[in-house]
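User: I would like to go through this model by question and answer, beginning with its charged side chains. Please keep the replies short.

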Amino acid sequence: ARLRLHSLEDSLVEELRATTPGKELEAIRKEAESSLADHRGRMTPSAFDATVTRLVARRLLDIHEVPDLSDL
């Protein structure tokens with residue numbers, strides 16, 4: 001069940017990314033990068049990008065008031 005919820009959430013995030021205007025998406029990404037600025041030097045580039053991607057996804061879900069599916 002958990003894997004299905006993760007897959008459903010991933011699909012939802014992709015849809016939200018596709019329907020969010022580019023400037024808004026860029027602002028969300030910059031916000032995520034800024035929140036990690038103090039940690040960037042200790043992270044590999046791939047870890048930094050993965051973390052930014054997760055933060056953007058969480059922010060998109062929050063903006064659209066989608067509950068955390070793992071909490072259901």
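User: Which residue forms a salt bridge with Arg29, the closest N and O atoms being 3.2 Å apart?

Analyst: A salt bridge here is a side-chain nitrogen of Lys or Arg within 4 Å of a carboxyl oxygen of Asp or Glu. Arg29 and its partner are four residues apart in helix H2 (residues 22-35), so about one helical turn separates Arg29 and Glu33. The residue that pairs with Arg29 at 3.2 Å is Glu33.

User: What should I know about the origin and numbering of these coordinates?

Analyst: The model is predicted, so local features need pLDDT of at least 70 and side-chain atom pairs count only at pLDDT 80 or more, while totals for chains, interfaces and linings use all residues. Residues are numbered from 1 along each chain as its sequence is written, and side-chain values use heavy atoms, with hydrogens and water left out.

User: Are Arg29 and Glu33 buried, partly exposed or exposed?

Analyst: Buried means under 20% relative accessible area, exposed over 50%, and partly exposed in between (1.4 Å probe, protein chains only). Arg29 has a relative accessible area of 25%, and Glu33 has 26%. Arg29 is therefore partly exposed, and Glu33 also counts as partly exposed.

User: Which helices are tied together by the pair Asp49 and Arg29?

Analyst: The side chains of Asp49 and Arg29 meet in a salt bridge at 3.7 Å, N to O. Because Asp49 and Arg29 lie in separate helices, the pair ties together parts that are 20 residues apart in sequence: helix H3 for Asp49 and helix H2 for Arg29.

User: Which residue forms a salt bridge with Arg58?

Analyst: The closest N and O atoms of this bridge are 3.3 Å apart. Both partners are in helix H3, four residues apart, so about one helical turn separates them. Arg58 is partly exposed at 28% relative accessible area, and its partner, partly exposed at 40%, is Asp62.

User: Which residues do salt bridges that share partners join into one network?

Analyst: Arg29 bridges to Glu33, and Asp49 bridges to Arg29. The network joined by shared partners consists of Arg29, Glu33 and Asp49.

User: How many salt bridges does a search of the whole structure find?

Analyst: The pairs described above include Arg29 with Glu33 and Arg58 with Asp62. For the whole structure, the number found is five.

User: What are the buried residues of H3?

Analyst: Helix H3 covers residues 45-63 and reaches 27 Å from its first C-alpha to its last, close to the expected 27 Å (1.5 Å times one less than its number of residues). Arg54 has its place in this helix but is exposed, with a relative accessible area of 54%. The buried residues of H3 are Phe48, Thr51, Val52, Val56, Ala57, Leu60 and Leu61.

User: How many helices does the protein chain have?

Analyst: Helices (H or I, at least four residues) and strands (E, at least two) are DSSP runs, numbered from the N terminus. The pattern along the sequence is α-α-α, with zero strands. The count of helices is three.

User: What share of the contacts with a separation of 6 or more comes from residues 24 or more positions apart?

Analyst: A contact means heavy atoms within 4.5 Å. The C-alpha trace of the chain spans about 35 × 25 × 15 Å along its principal axes, and 22% of the 72 residues are buried. The share asked for is 65%.
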